[in-house]
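Here are my notes for anyone opening this one for the first time. Have the structure up on screen and read the points alongside it.

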Amino acid sequence: MDIHSLLQAVQGFLTNEIVLAVILSSLPLIFVLIYVLFVLYTEMKLAGHIQDRVAYMRTGWHGVLQNIADMVKLLLKEDIVPDKADKLFFRLAPYVTFAGSYAAYAVLPFSSIYIGANINLGLFFLVASGSLVVIGILMAGWSSDNKWSMLGGVRSAAQMISYELPTSLAIVIIAMITGSLNLQEIVKFQDGGIQNWLVFGGSLPLQQKLFLLPFTIITFVIFLVSSNAEINRTPFDLPEAESELVQGYFTEYSGLRFAMFYLTEYTNLFTVFAVAVSMFLGGWSSPFGSFMSGPVWGIFWFVVKTYVMVVVQIWVRWTLPRVRVDQLMYVSWKVLTPWLLFCLFAVGFILVI
Amino acid sequence: MLQPPTLPTNYTIKPGHIKTSTGKTIRTEEMIVNMGPQHPSTHGVLRLEIVIDGEIVRECIPHIGYLHRCFEKHAEQMTNYQQVIPYTDRMDYCSAMTNEWGYALAVERMLKIEVPERVEYIRVIMAELQRIASHLIAVGTYGIDSGAFTPFLYTFIDREPILDLFEMTCGARLLYNYIWIGGLSHDLPPKFIEQAKEFCKYFRPRLKQFNDLLSYNEIFVKRTANVGVIPKDVAINYAISGPQLRGCGVDWDLRRDDPYSVYHKLDWQVQVGKGELGTSLGDCWNRHMVRMREMEQSLNIIEQALAGLPEGNVKAAIPKRIRPDKDAEIYVRTEGSRGELGYYIISDGTASPFRVKARGPAFVNLSVLPEIARGCMLADLVLIAGSIDIVLGEVDR
């Protein structure tokens, strides 16, 4: 076989639809892994400086290699499955949660030319795949044969289901303004500079925008709060509340499976803020109109905006205490949801006029 | 090995039934959970056996003894009274200075020894510094219990200069063996007063910062207000003391009400829970706040004591071999960081005590936990246990 036919075979293999799909769909995975290393480092360093200490310093320059060392350690650790655990579900759970959170990357518009699946029900798909995470967490909590894990799993299910309501309502408001559930369309709606972002009313006529402005800002804030709760981060980190439930639903996990949960947590962190950025902060569009805009700059803006949001979340996480279960439910059902319903009616009213 | 859960004899697991919307009945049952001894928020090796109905705690039984080190028996086996002091350090290891002071005071009163005034002042300074250090741990870990990690590290940063002061005085940072019968092991080092004054100046703004960060945080207040309320009469019936008692609104502080040393010469106020911000007297927030305010008062005491520190010897003339009279017995109580710390000592006329009984405040305070934990949420139980501020070294001794 000469080199020419080999190249042809390779080309044929690469252009095969299924192979191409696999390669393209794993592109975000590479991004996720690199990003998680980045965010872990940021989180630890930021937490360190918030707490008046320096955090990692020994592994590499200012400890930049620490996360790689941690990852290697986790991969080499013994994988323990408790004796009385439901073995199948116990083994399956981390992958289900990760699949749920990774599925969301299919509809995230990284740039004007790169989106995994440009489907019309993008936001709907996000909500649906987010629910898969709940199943994984419940599986983990139930199958661990640990009462604390079970409490964590049940808490998590209750929490994520109640907070899906405000999230979905916020999505409905955005869909009403933009007239689309496709994230790419929503971002295109906001293209053209910071004044066109949906948090400031989107690219509607000025008069309508001024009326919409208060409601979109409220929606944005509520969406941030409820997405915080959906990914189980402080002040809503009850499912893994360390001081109460030890580690919540992943108490019994070790090694690679534990790493999977950890990874899921940080992928989720990116996903929800990526959605927030796409929905409210212009996604990949440049804040300066046509300056620094384009497909490649698009990726830059998307990642940078999301990263800023993640940093804000980290800041919140290391500052606030945790709420109690009943307070959590109170916030969701009696504060966020009524406010969003009010916003929904108001936005509808303004749009009709 | 852990024993299987044992319920109190008068408790039976209550089965229940829930009707679903489709008309089916689901059987429910209360669940027994072991919280500890290796649980992150039981502050040591306390084991709480709890019966929970969903998230609600129905019963809570503390099991103690995992850190029992036979302090009282050790004290009897020593060849003289002085040797007991290092063991008192190890009881409440967060507050070693007040422990040894209580013991030294008891033996001194037994022997009717008058210590020089300089010794009294230094002891007051040390005890108040220790009180600040101990309260810092209490409020810091309380931050962790409520889910905020940052305040914990802030308190440890502030605790550091105190430990430095102790280290330059007696060489140790945790277990000091500094306050001896009839005096102190060393006089203050030359730079101590200067550094202590600096610390006082540095610490006041930090207290305010800490209050802004945690104590007045909306979520924190909502979490701790009206949680784990100890009514005044219950508190008194359970012989609770210290910041816990004062958090209930009972104005009782042994430093003022059963005066010892030079506290009566200094100007300071006993801090009592006020129940502001929608909280009620005796709840977790008020206990936390009493600790915060006490630290400020301790600073006042330290500053005055530093200003009024007299010159003199740091060792009273005591017999080389301490032999109290035969059948002499005494109970001396002092205000430790966690409450009334009492020593009951019986002498049989030999050089070692016949019996030493320590009344540890943490042990007595813990006894109220089952009473107030009933009916609270699981998350509240952690906060209640944290607000009691136990040190298992003292509970188990």
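**Notes on a predicted two-chain model**

1. Start with helix 8 of chain A, where there is a kink of about 45 degrees at Leu212(A), shortly before the proline Pro214(A). Bear in mind while looking at it that this is a predicted model.

2. How far apart should the ends of helix 8 of chain A be? The helix covers residues 206-230, and at 1.5 Å a residue its 25 residues should span 36 Å; the end C-alpha atoms are 34 Å apart, so the two values agree. Just after this helix comes Asn232(A), with a positive phi of about 55 degrees. As background, most residues other than glycine have a negative phi.

3. Now the rest of chain A. The chain has twelve helices and zero strands, so don't go hunting for a sheet here. Its radius of gyration is 22 Å, close to the 20 Å from the globule rule for 353 residues, so chain A is as compact as a globular protein of that length. The C-alpha atoms fill a box of roughly 70 × 65 × 40 Å along the principal axes.

4. What share of chain A is buried? Buried residues come to 44% of the 353. Looking at contacts in chain A with a separation of 6 or more, 75% join residues 24 or more positions apart.

5. Chain B is a mix: 15 helices and ten strands. For its 397 residues the globule rule gives 21 Å, and the radius of gyration is 22 Å, which is close, so chain B is as compact as a globular protein of that length. Its C-alpha trace spans about 85 × 50 × 35 Å along the principal axes. Of the residues in chain B, 49% count as buried, and 69% of its contacts with a separation of 6 or more are between residues 24 or more positions apart.

6. On confidence, chain B averages a pLDDT of 85, with 97% of the residues scoring at least 70. Residues 1-5 of chain B are a place for caution: the pLDDT there is below 50, and the stretch has three contacts in the model beyond near neighbours in sequence. For the model, the scores are ipTM 0.80 and pTM 0.85.

7. Where do the chains meet? On one side are 26 residues of chain B, in contact with 22 residues of chain A. The elements of chain B that give two or more residues to this side are strand 3 (31-35), helix 4 (117-145), helix 5 (150-170), helix 7 (218-224) and helix 14 (378-388). By type, the chain B residues touching chain A are 15 nonpolar, six polar and five charged.

8. Helix 14 of chain B deserves a second look. Is it enclosed or open? Eleven of its eleven residues are buried, so the helix is largely enclosed by the rest of the structure. Among the buried residues are Leu378(B), Leu381(B) and Ile388(B), but also Asp380(B) and Ser387(B). Just after the helix, Asp389(B) takes a positive phi of about 60 degrees.

9. For a single buried residue, try Leu245(B) in helix 9 (residues 243-247) of chain B. It has 28 other C-beta atoms within 10 Å, and 20 or more is the cut-off, so Leu245(B) is buried. Leaving out residues up to four places away in sequence, Leu245(B) touches Ala235(B), Ile240(B), Val250(B), Trp252(B) and Gly339(B). The C-alpha atoms of Leu245(B) and Val368(B) are 11 Å apart, with their positions 123 residues apart along the chain.

10. Finally, two loop residues of chain B to check. Lys112(B) sits between helix 3 (96-111) and helix 4 and has a positive phi near 55 degrees; with 7 other C-beta atoms within 10 Å, Lys112(B) is exposed. Ala239(B) is in the loop between helix 8 (232-237) and helix 9 of chain B, and its phi is near 60 degrees, again a positive value in a residue other than glycine. Ala239(B) has 15 other C-beta atoms within 10 Å and is partly exposed.

Conventions:
Residues are numbered from 1 along each chain as its sequence is written. Chains are lettered from A and ligands numbered from 1 in the order in which they are written. This is a predicted model: local features need pLDDT of at least 70, side-chain atom pairs count only at pLDDT 80 or more; totals for chains, interfaces and linings use all residues. Helices (H or I, at least four residues) and strands (E, at least two) are DSSP runs, numbered from the N terminus. The expected span of a helix is 1.5 Å times one less than its number of residues. The bend at a residue is the angle between axes fitted to the seven residues ending there and the seven starting there. Two residues are in contact if their C-beta atoms, placed from the backbone, lie within 7 Å. Ala, Val, Leu, Ile, Met, Phe, Trp, Tyr, Cys and Pro count as nonpolar, Asp, Glu, Lys and Arg as charged, and the others, Gly among them, as polar. pLDDT is the predictor's confidence in each residue, from 0 to 100. The radius of gyration is taken over C-alpha atoms; the globule rule is 2.2 Å times the number of residues to the power 0.38. A residue is buried if 20 or more other C-beta atoms lie within 10 Å of its own, exposed if 12 or fewer, and partly exposed in between; C-beta atoms are placed from the backbone.
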